[in-house]
Amino acid sequence: MSLVYSEDDRMLADTAEEFLLSKSPVAAQRTLRDSKSALNFDNDVWQQMVELGWTAITFPEKLGGLEFGYKGLGAVFESMGKHLTASPLLSSVVLCGSLLEQLANDSQLEWLNHIISGEKRLALAIDEKARHEPFNFQTEAVDVADGFVLSGKKVMVMDGLSADGWVVSAKHKEGVSLFIVPFSEDVIVKRTNLVDSRNYAELTFNELTLPVNALLGNPGDSIDAINHSLDLGRLCLSSEILGASKALFDMTVEYLKTREQFGVKIGTFQALQHRAANCYVELELAQSCVIAALSNADDTKSDLGLSASLAKCQVSKAADLITREAIQMHGGIGVTDELDIGLYLKRIRVAQMSLGDADFHQARYGELKNKM
Amino acid sequence: MVDLEEFRIQVREWLEDNCPESLRTPTPDGELIWGGKTPNFTFDDQRLWFERMRDKNWFCPTWAKEYGGAGLSSKENSVLESEMRKLKCRPPQINLGIWMLGPVLLKHGTEQQKQQFLKPMARGEVRWCQGFSEPNAGSDLASLRTSAQDMGDHYLVNGSKIWTSYGDKSDFMYALVRTDPAAPKHQGISLLLLDMHSDGVKTAPIHLISGKSSFCEVFFDNVKVPKDNLVGELNGGWQLAKELLQHERSAMSKFGEFQLPTHFDLMSLFNDYMPAPHTPSEQSLFYKAVEADMQEHAYNLTVQRLTQEMQAGINNFGLMSIMKLVHTEQEIIKFELLLDAMGYRALGWEDNNFTEQEQAINRAWLNSFSQAIAGGSSEVQLNIIAKRVLQLPENKGAQT
């Protein structure tokens with residue numbers, strides 16, 4: 001298991017950094033928030049990401065991908081975290097793309113082509129509760145002649161607004177199944193505004209009729225695929241949280257070196273030095289878990305669940321610590337909207353609760369470990 | 001130089017012929033052999049293995065032959081080490097002199113010192129101890145006060161050292177002493193080699209909360225030390241001490257290979273002592289254990305990452321500086337959780353109603369506190385991260 005970035009990964013990371021710094025700096029996210037954009041991400045920037053090949057990074061060449069691996073994609077997500085860039089890369093490409101890669105039949109693979117080319121995007125509709133519980137849901141699909149009828153309600157659908165379609169999990173008489181639901185006026189889409197000002201939707205399906213070919217994979221046989229795709233999403237999200245935390249920590253260390261009180265730089269105070277050192281320790285430990293999980297996604301997929309849960313849990317805890325310390329060490333100015341700290345705090349809070357928070361992943365790690 | 005593969009074959013054959021079967025097992029507690037005037041052999045194979053390795057000059061394989069080494073290149077040395085590991089050969093001896101002082105003497109010693117000290121060291125004839133810490137100089141090592149007064153033809157040493165491992169069993173000490181009390185604290189220190197059998201040297205063992213220990217206090221009352229035993233420049237000892245301490249890490253890692261494991265698998269012991277947790281308190285404990293297990297997993301991955309970064313030639317001082325802190329702090333937490341899970345079974349003291357393992361866990365728990373203090377306390381580690389890694393500004397009031 002390789003725990004260092006390769007030369008190629010590093011080049012990709014440098015390109016991402018350069019691109020995002022010029023096209024999507026933190027200031028742009030602030031503007032996006034204040035303009036109350038309908039989409040909540042910048043579609044021009046998104047299309048340029050597509051042109052840079054980011055939507056193709058992980059897919060095999062025969063499906064139109066670059067076969068580059070998750071370590072490279074992780075580096076891109078880390079950079080997006082640093083700049084707080086909003087994009088449908090996670091929702092459409094990592095989550096829905098990887099489900100299609102695992103389960104799609106020939107005609108459904110068209111969706112994957114469109115996702116990679118950026119012409120269309122899908123969003124994953126899985127959560128129904130206040131917390132992430134991917135296999136606790138009521139949405140139901142009933143067999144009818146020539147297809148299915150879908151009923152239920154999904155929440156926290158990332159980038160679910162203005163999507164070209166959704167991948168929806170539902171109970172079916174055979175068990176947990178997945179359906180591709182193309183955009184339709186019959187689906188009730190409600191905007192959800194969250195603290196991080198990104199694109200979230202609540203979807204309601206009222207006896208929606210779907211054709212046979214809406215079913216993704218075999219009925220009742222999607223649990224492993226869902227777990228696998230969620231794990232891929234979790235490790236990309238972990239990379240994003242790591243990047244955001246690093247940026248926030250760097251800002252804080254810089255502030256400790258410049259802010260003066262009592263006639264000295266506040267960074268000379270040992271009470272703050274030790275707390276900053278502890279943040280550094282937690283960041284480095286989390287970094288090891290994230291890169292190990294990315295590496296596992298590329299090499300052996302056998303214990304991806306364990307390593308994805310480890311990464312998401314450790315990085316979420318480190319991020320919580322760093323956001324708290326960043327605000328406290330900045331003092332009064334840390335709670336003003338003028339500084340970017342609040343933007344990081346809000347995004348990190350949402351990201352760490354998405355796809356399972358630290359407690360979810362700690363419990364899951366314990367279960368998976370027990371089975372080993 | 002022979003071809004490496006050929007060398008490997010020669011080494012393997014020699015080890016197979018010469019390492020007694022009885023010594024191809026992990027070293028049990030109490031069977032470590034310490035080189036010195038009277039090595040502590042308990043059975044004859046140990047003596048045989050010691051003498052064969054000694055006569056091969058493989059106690060310090062990379063040293064030059066003129067100083068008692070075998071003149072191996074570092075690649076050849078890696079071959080030797082890996083072949084010894086493969087055959088599970090016990091280390092023939094342990095010797096702080098070779099691992100810590102040796103490299104410093106090779107670099108900074110006079111020719112006479114090298115002849116006088118390195119050769120017997122390389123033959124395992126002298127047991128060395130380290131005299132750094134003092135009762136009033138712990139984390140603030142540079143404030144040490146043991147003095148060496150220039151008496152013309154010798155130094156007169158007065159003062160005391162503490163936390164000297166095996167001070168009572170050693171033949172020589174490499175000691176930091178104050179040679180200029182008027183100079184700023186880092187600039188008045190010298191490195192002196194001191195015969196522990198001299199008149200005026202007294203040792204007293206230290207009992208720890210975990211019971212007997214190898215630590216001693218050492219007292220010096222007008223001890224005469226020849227002037228030739230000064231290493232490097234007069235008042236230049238602090239620099240040498242820093243070099244010495246750099247070797248401590250690699251020396252400690254050698255200890256780690258055959259001493260009591262400090263890593264233990266918390267989840268499997270939890271399973272033994274608290275199978276199928278069902279009460280709310282047991283379940284709460286179980287999740288705390290999972291949390292500790294995940295943190296240890298993160299630490300283990302970080303060890304792997306550090307190794308890979310080093311191999312890739314990436315500067316990783318920052319990562320290196322967190323390792324001791326993280327590991328020792330995690331071990332304390334793990335032991336406390338294990339005690340919680342064991343309940344009363346964890347509390348036995350010199351009572352054979354408790355199993356050996358139960359009592360060993362108890363001692364190891366008590367010992368875990370020492371680990372976060374010895375070799376640079378956790379607070380010193382945090383200072384190092386804050387100043388050298390994060391480069392936070394210095395507090396002018398404190399001298400470090």
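Where in chain B does UniProt place the feature "domain: Acyl-CoA oxidase/dehydrogenase middle"? The unreviewed entry puts this feature at residues 129-223 of chain B. The legends below cover this stretch and other views of the model, which is predicted.

**View 1. The middle domain feature of chain B, residues 129-223.** Strand makes up 49% of this span. Helix accounts for 0%. The end C-alpha atoms of the span lie 17 Å apart.

**View 2. The N-terminal domain feature of chain B, residues 43-125.** The range comes from UniProt, where an unreviewed entry lists it as "domain: Acyl-CoA dehydrogenase/oxidase N-terminal". Here the chain is 60% helix and 0% strand. A distance of 18 Å separates the end C-alpha atoms.

**View 3. The three domains of chain B.** Domain 1 covers residues 4-94, domain 2 covers 128-235, and domain 3 covers 260-389. Between domain 1 of chain B and domain 3 of chain B, the C-alpha centres are 32 Å apart.

**View 4. The side of chain B that touches chain A.** Contacts link 29 residues of chain B with 29 residues of chain A. Three helices of chain B, α8 (280-311), α9 (317-342) and α11 (378-389), each supply at least two residues of this side. The most come from α8(B), with 13 residues. By class, this side of chain B has 20 nonpolar, 5 polar and 4 charged residues.

**View 5. Packing of α9(B) with α11(B).** Two packed helices are described by the angle between their axes and the distance between the axes. For α9(B) and α11(B), the angle is about 160° and the axes are 10 Å apart. Angles over 145 degrees count as roughly antiparallel, and α9(B) and α11(B) are therefore roughly antiparallel to each other. The crossing of α9(B) past α11(B) is left-handed. On α9(B), the contact uses F317(B), G318(B), S321(B), I322(B), K324(B), L325(B), T328(B) and E329(B). On α11(B), S378(B), Q381(B), L382(B), I384(B), I385(B), R388(B) and V389(B) take part. The contact of α9(B) with α11(B) holds 7 nonpolar, 5 polar and 3 charged residues.

**View 6. The N-terminal domain feature of chain A, residues 6-119.** An unreviewed UniProt entry places "domain: Acyl-CoA dehydrogenase/oxidase N-terminal" here. The chain is 64% helix and 0% strand over this range. Its end C-alpha atoms are 31 Å apart.

**View 7. Packing of α1(A) with α4(A).** Helix α1 spans residues 7-23 of chain A, and helix α4 spans residues 70-83 of chain A. The two pack at about 25°, with axes 9 Å apart. That angle makes α1(A) roughly parallel to α4(A). The crossing is right-handed as α1(A) passes α4(A). D8(A), D9(A), L12(A), A13(A), A16(A), E17(A), L20(A) and L21(A) form the α1(A) side of the contact. They meet K71(A), G72(A), A75(A), V76(A), S79(A), M80(A) and H83(A) of α4(A). The contact of α1(A) with α4(A) comprises 8 nonpolar, 3 polar and 4 charged residues.

**View 8. Crossing of α4(A) and α7(A).** Helix α7 runs over residues 223-258 of chain A. The axes of α4(A) and α7(A) come within 6 Å and cross at roughly 40°. That makes α4(A) oblique to α7(A). The crossing of this pair is right-handed. From α4(A), the contact draws on Y70(A), L73(A), G74(A), F77(A), E78(A), S79(A), M80(A), G81(A) and K82(A). From α7(A), residues in the contact include L232(A), L235(A), C236(A), S239(A), E240(A) and I241(A). Also among them are L242(A), G243(A), A244(A), K246(A) and A247(A). The contact of α4(A) with α7(A) divides into 11 nonpolar, 5 polar and 4 charged residues. Both S79(A) and M80(A) of α4(A) also belong to the contact with α1(A).

**View 9. Domains of chain A, and the contact of domain 2 with domain 3.** Domain 1 of chain A covers 7-117, domain 2 covers 122-216 and domain 3 covers 223-371. The C-alpha centres of domain 2 of chain A and domain 3 of chain A are 30 Å apart. Their contact takes 7 residues from domain 2 of chain A and 10 residues from domain 3 of chain A. On the domain 2 side, the residues are 4 nonpolar, 2 polar and 1 charged.

Terms used
Residues numbered from 1 in each chain as written. Chains lettered and ligands numbered in written order. Predicted model: local features only at pLDDT ≥ 70, side-chain atom pairs only at ≥ 80, totals over all residues. UniProt positions renumbered as here; feature names shortened; annotations may be inferred. Helix = DSSP H or I, 4+ residues; strand = E, 2+ residues; numbered from the N terminus. Contact = placed C-beta atoms within 7 Å. Nonpolar A, V, L, I, M, F, W, Y, C, P; charged D, E, K, R; others polar. Domains from an automatic or database assignment. Axes fitted to C-alpha atoms, helices over the stretch in contact; angles between N-to-C directions. Parallel < 35°, antiparallel > 145°, perpendicular 65-115°, else oblique. Left-handed = near helix turned anticlockwise from the far one by under 90°.
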